[in-house]
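Q: Please look closely at one part of this structure, for a reader who has not met it before. What can be said about it, and with what confidence?

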Amino acid sequence: MTGMNGGVLDEDLIAGMRDVTPLMLGIVPFALVAGIAAVDAGLTLAEAVGLSVIVFAGASQLAAIDLLGSNAPLAVVIGTAVVINLRMMMYSASIAPYFADYARRTRAGLAYLLTDQAYALSIAEYERNDDRSRWRYYLGAAASLWVVWQIGTVVGVVVGAGVPDAWGLTFAVPLVFLALLVPAMKDRPTTAAGIIGGAIAVVAGGLPLNLGLLVGALCGIAAGMATEVTAS
Amino acid sequence: MTGGVGAVVSDPRVWVAIVVIGAFTYGIRLSFIHLFGRIDEVPSGVKRPLRYVPPAVLAALVLPDLVTVGPSVAATLFDERLIAGLVAGAVAWRTENVFATIAAGMGALWLLRFVVLA
């Protein structure tokens, strides 16, 4: 394991692992749901795990699973998932200065593990504590999330296959998003983005090619920007 | 969620989607981490819309799963998913906790489905 120094786990690595632990309470059910939703949509275990390893981004995985399960065109599946993941460009830009001194290959590896949680924890720690090894702290948090995400997906696939449909376990999918949506609507423009995005997605639900989600999201983004202009 | 178990098993589209989404997503993650030094600041034309991606996308994911426009206003409102979603939304707002939100929403759904409406 990276960060082993003379048989002792590196202090910075452990700090990252320790700080990420409380967040696992949210990650474990999310990962389980990713597995349950995958099996419900007819994905195989290999496909569910492939999605979690190769994409490794929960919200986009769930959207892709939903669209694949309802036979949406491939371009819509991909376009929707990519729009959902665009937010990580902000994280990439924000964390880039802290990784600037590392070799290109190190940065390439660290980028793969970038998630909402790893980003938020690391940025907070970098601003608070200048002595931390940045990559070790980040790796401790981000790799822990990765491991838990993969195990959770597999358990979700196994559990999901055994639970009767009447229990409606896939209802946990919108519930996970709801838990993330509420704190994301923190001021007027972001609230407008959420209300318009959601309303348009409902109304556009009947659009061909399952374009409702994508159209709703784009309208919501436009509404947020318009509200920002009006407010200022 | 449509499509029962087995609907898309070994559909080659699934792996194409996984690989292409994965490649784009990695590109997004790597973008500024890779370019830093050449582009130090996110252009404001990129930054502004990005700020609204999370609420817009999350709401567009959630609401169609909670609201099914029915033949009448009453049919639309008295929907077990919408009621359970409102309960979960209130819990999310109070606690900002994923686990508590799922527990409240699933509990409300099961109560409505197996007790109240059974």
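A: In this predicted model, chain B has an average pLDDT (the predictor's confidence in each residue, from 0 to 100) of 86, and 89% of its residues score at least 70. Residues 1-9 of chain B fall below 50, yet this stretch makes 29 contacts in the model beyond near neighbours in sequence; a contact requires two C-beta atoms, placed from the backbone, to lie within 7 Å. Where pLDDT is low, predicted coordinates should not be read in detail. The model as a whole scores ipTM 0.86 and pTM 0.81.

Residues are numbered from 1 along each chain as its sequence is written, and chains are lettered from A and ligands numbered from 1, in the order written. Local features need pLDDT of at least 70 and side-chain atom pairs 80 or more, whereas totals for chains, interfaces and linings use all residues.

Where the chains meet, chain A supplies 87 residues and chain B 69. On the side of chain A, helix α10 (residues 172-184) gives the most, with 13 residues; helices are DSSP runs of H or I, at least four residues, numbered from the N terminus.

Within chain A, A:V159 belongs to helix α9 (residues 134-162). A:V159 counts as partly exposed because it has 14 C-beta neighbours inside 10 Å, where 20 or more would make a residue buried and 12 or fewer exposed. Leaving aside residues up to four places away in sequence, A:V159 touches A:L32 and A:I36. A:V33 lies 126 residues from A:V159 in sequence, but their C-alpha atoms are 9.9 Å apart.

Terms used. Helices (H or I, at least four residues) and strands (E, at least two) are DSSP runs, numbered from the N terminus.
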